[in-house]
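Welcome! Take a moment to look at the model below, and then we can walk through a few of its parts together.

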Amino acid sequence: MTKLLEIKNLFIEGFTGDQWLPIVNDIDMSLNKGEVLGLIGESGAGKSTLGMAAMGYTRQGCRIASGSIQFNGTELFGASKGDLRKLRGNRIAYVAQSAAASFNPAHRLVRQYAEAPVQHGLMKFAEAEREAVDIYRQLLLPDPEHIGYRYPHQVSGGQLQRAMVAMAMACRPDIIVFDEPTTALDVTTQIEVLAAIKKITSELDTAAIYITHDLAVVAQLADRIMVLRHGNLVEENDARKILAEPKEEYTRQLLSVRTIRDDKAVFRSDRDVILKVENVSASYDGSELVLQDIDISITSGRTVALVGESGSGKSTLARVITGLLPPLQGHIRFEGETLPPALASREREQLRKLQMIYQMPDTALNPRQNIRKILGRPLAFYFGMRGSVMGKRIKELLEMIELPHSYINRYPNELSGGEKQRLCIARALAAEPRLIICDEVTSALDQLVAEGILQLLQKLQNELAVSYLFITHDLATVKAISDEIVVMLRGCIVEQGIKKEILTPPHHAYTNLLLSSIPEMDPEWLDKLLEERRMA
Amino acid sequence: MAFFKLLRSSPISARIGLAMVLISILAAILAPVISPYGETQIVGDVWQSPGKDHFLGTDHLGRDLFTRLLYGARNTIAIAFATTLLSFVVGAVAGFFAATLGGWTDLSLSRMVDIIMAFPTLIFALMVLSVVGTSVTALIVVIALLDSTRVYRLSRAVAMDINALEFVEAARLRGERIWWLMRHEILPNAMPPLVAEFGLRFCFVFLFIAALSFLGLGLQPPTADWGGMVRENAGAITFGILTPLWPAGAIAFLTVGVNLIVDWFLHVASGLKETA
């Protein structure tokens with residue numbers, strides 16, 4: 001039997017301005033009909049590049065250097081553009097990470113659905129419209145008869161992602177390449193999309209390449225898993241085998257990071273409370289409340305995790321605490337004194353003790369300032385440091401975040417994602433704060449890099465006794481780092497308490513939903529969960 | 001020196017542009033030395049063809065065109081640079097202010113700019129210049145003010161985008177004052193579009209001065225300026241005489257030169273490191 005897709009000795013290179021550097025190194029990959037292959041690795045591993053190469057496509061600035069890509073016996077490498085065009089979208093389809101950015105906002109969903117089949121001359125628009133309803137139903141979209149007539153902005157993120165899967169399915173392709181289709185979604189929404197993908201690929205017997213950095217996600221879908229790193233194959237095996245007994249050290253690392261770290265002995269105490277949010281309500285337009293009666297207190301040297309889906313008001317609370325959004329009612333008390341509600345009326349000393357770290361280190365650092373200036377400014381601003389005293393302190397800060405002194409004149413674009421986030425941490429530390437608000441600080445980072453950041457934060461807390469308010473939607477992170485947990489839903493606190501209490505049943509219904517939605521490494525997890533939820 | 005290091009790595013187009021601008025500036029500085037006649041001296045017949053005595057022929061009053069071109073460079077380049085620079089300083093500062101402060105500051109500045117822009121620029125300039133008189137200073141200030149409305153719009157839009165980024169928020173949370181935000185956080189990141197606009201605005205200034213000169217409110221004759229020379233001699237083109245093309249060519253020469261340099265700046269400014 002010939003394989004559906006067979007890639008042999010594939011080399012792909014990217015142009016860096018003056019030379020071609022390898023992105024994918026001598027990879028062999030094959031796919032049988034109906035098989036789901038998981039591609040795993042951190043960013044820069046070459047997984048997306050490889051996934052696209054399966055369609056004979058490379059991004060701009062990249063080229064296939066050598067190798068062979070055979071689809072159903074036809075060679076795609078070096079095939080004419082016309083031949084490739086006939087295949088793409090038709091026999092091989094692609095689902096991108098961000099559905100919101102991939103849909104044309106000016107057209108209704110079904111019109112975009114019908115584009116490929118009509119273009120390829122497979123069916124008339126009216127037929128495609130009827131087919132769409134069918135596919136929408138199979139993908140468990142609500143109201144399948146009418147949802148196609150909505151515009152992309154009229155459906156939720158998870159629904160849009162499924163609408164994109166439907167689009168890819170429109171021509172009944174032999175292979176679909178899924179490129180991180182759930183990475184941008186909340187855990188609770190991720191389940192819907194995963195369930196839909198699993199259902200439709202098995203019902204239509206479609207082969208799939210599933211690209212992700214999350215092993216637990218791929219465990220639910222893939223028959224076989226390939227682990228990539230720096231464009232090289234680390235390990236390839238049957239999905240169950242790789243999860244049960246990984247052979248390579250790197251795979252083991254990927255698997256191990258989700259394990260929960262030991263609890264520190266933590267008791268709730270009223271002493272050393274540094275931040276107290278009292279009865280705070282807030283709104284952006286003055287009428288609709290984004291936050292309702294929030295009460296939180298944070299103790300010195302502890303970490304409080306603030307958990308919830310996107311839109312639950314987590315980041316808004318951070319804006320209220322920092323003074324960017326003055327609350328409608330309630331107070332923020334810091335070390336016993338009430339902070340003025342607006343940023344402009346807070347004193348420099350009050351600002352200094354409360355620092356913030358952001359989700360995207362790329363936008364949180366001014367690309368035109370080098371490390372010396374980024375770290376030097378808060379030192380000069382808060383402590384009036386200059387010259388060699390400042391230089392010495394900058395070096396100390398670099399040591400704290402485990403970056404070499406030689407980096408001092410580098411600009412942010414000369415750093416990796418993890419190094420940038422470390423720099424953001426150092427910038428916050430430069431102010432010698434009592435409390436740091438960490439807003440989704442690891443969610444833009446690769447798993448192992450994120451793990452490094454969490455460990456660094458932990459180490460700094462042990463050394464400096466700084467407190468963290470850790471905002472996140474990722475419960476694995478919460479389990480790893482927090483002392484106390486606050487669960488938020490639609491602007492209200494659903495549940496709060498010390499970690500052990502929150503994580504042990506009985507849970508509040510919403511906490512339970514969140515907790516049960518975290519993918520586990522068990523390949524049966526998704527099926528079991530869906531079964532349980534159906535019963536309930 | 002850093003500048004020479006940068007120059008050595010510059011592409012050929014930038015070097016050509018630099019050479020073009022240097023030639024123009026040298027011509028301006030050395031005008032009295034290298035020009036064969038006086039700026040306003042009438043030396044021959046009207047619209048003489050280029051020849052032995054008159055390298056580029058003569059103009060509509062019989063003055064040597066080459067001489068006038070050299071002297072014209074002095075007025076044109078100095079005024080155009082001064083005007084463009086002033087308009088950028090005023091427009092960018094106001095634009096950054098509006099974007100950073102928002103609220104009433106933004107509203108009042110923006111509406112003021114709207115009102116100025118609602119008048120056709122030429123008529124507005126005529127109005128103001130006929131009141132304050134047509135000195136070079138007045139000319140520079142008026143044109144710069146009119147141009148600054150466009151710079152204001154651009155810099156406000158760019159600054160708004162930058163303001164939404166987290167590093168600006170981080171600086172605000174640190175307690176930084178507005179001047180620091182504008183100078184250190186916004187300006188360096190707003191440079192590329194502003195520099196590009198500079199190249200474009202720069203050449204419009206000649207044309208505007210030329211239009212004003214034509215109406216008698218620009219540089220007063222017999223002072224030479226390139227735009228004015230095009231206007232004065234424009235009629236010649238209908239007789240197949242090429243005289244107006246020389247000053248027009250000089251404007252084009254300088255504009256292309258400036259824009260080649262601007263392109264290079266843009267390239268250097270857009271990425272600190274080369275990327276594909």
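Let us start where A:Ile371, A:Ile374, A:Leu375, A:Pro378 and A:Leu379 in α15(A) meet A:Leu423, A:Ala426, A:Arg427 and A:Ala430 in α17(A); contact here has C-beta atoms, placed from the backbone, within 7 Å. By class, this contact of α15(A) with α17(A) has eight nonpolar, no polar and one charged residues (Ala, Val, Leu, Ile, Met, Phe, Trp, Tyr, Cys and Pro count as nonpolar, Asp, Glu, Lys and Arg as charged, the others, Gly among them, as polar).

This is a predicted model, in which local features need pLDDT of at least 70 and side-chain atom pairs count only at pLDDT 80 or more, while totals for chains, interfaces and linings use all residues. Residues are numbered from 1 along each chain as its sequence is written, and chains are lettered from A and ligands numbered from 1 in the order in which they are written.

Helices (H or I, at least four residues) and strands (E, at least two) are DSSP runs, numbered from the N terminus. Chain A meets chain B through 22 residues from chain A and 16 residues from chain B. Three helices of chain A each supply at least two residues of the side that touches chain B:

| Helix of chain A | Residues |
|---|---|
| α13 | 348-352 |
| α14 | 361-364 |
| α15 | 371-383 |

On that side of chain A there are twelve nonpolar, seven polar and three charged residues.

Chain A also holds an open, mixed sheet of six strands, ordered β6-β7-β8-β3-β9-β10; strands pair if DSSP finds at least two bridges between them. β6 (92-95) and β10 (232-238) of chain A each have a single partner strand, so one side of each lacks a neighbour in the sheet.

Definitions and conventions
Two residues are in contact if their C-beta atoms, placed from the backbone, lie within 7 Å.
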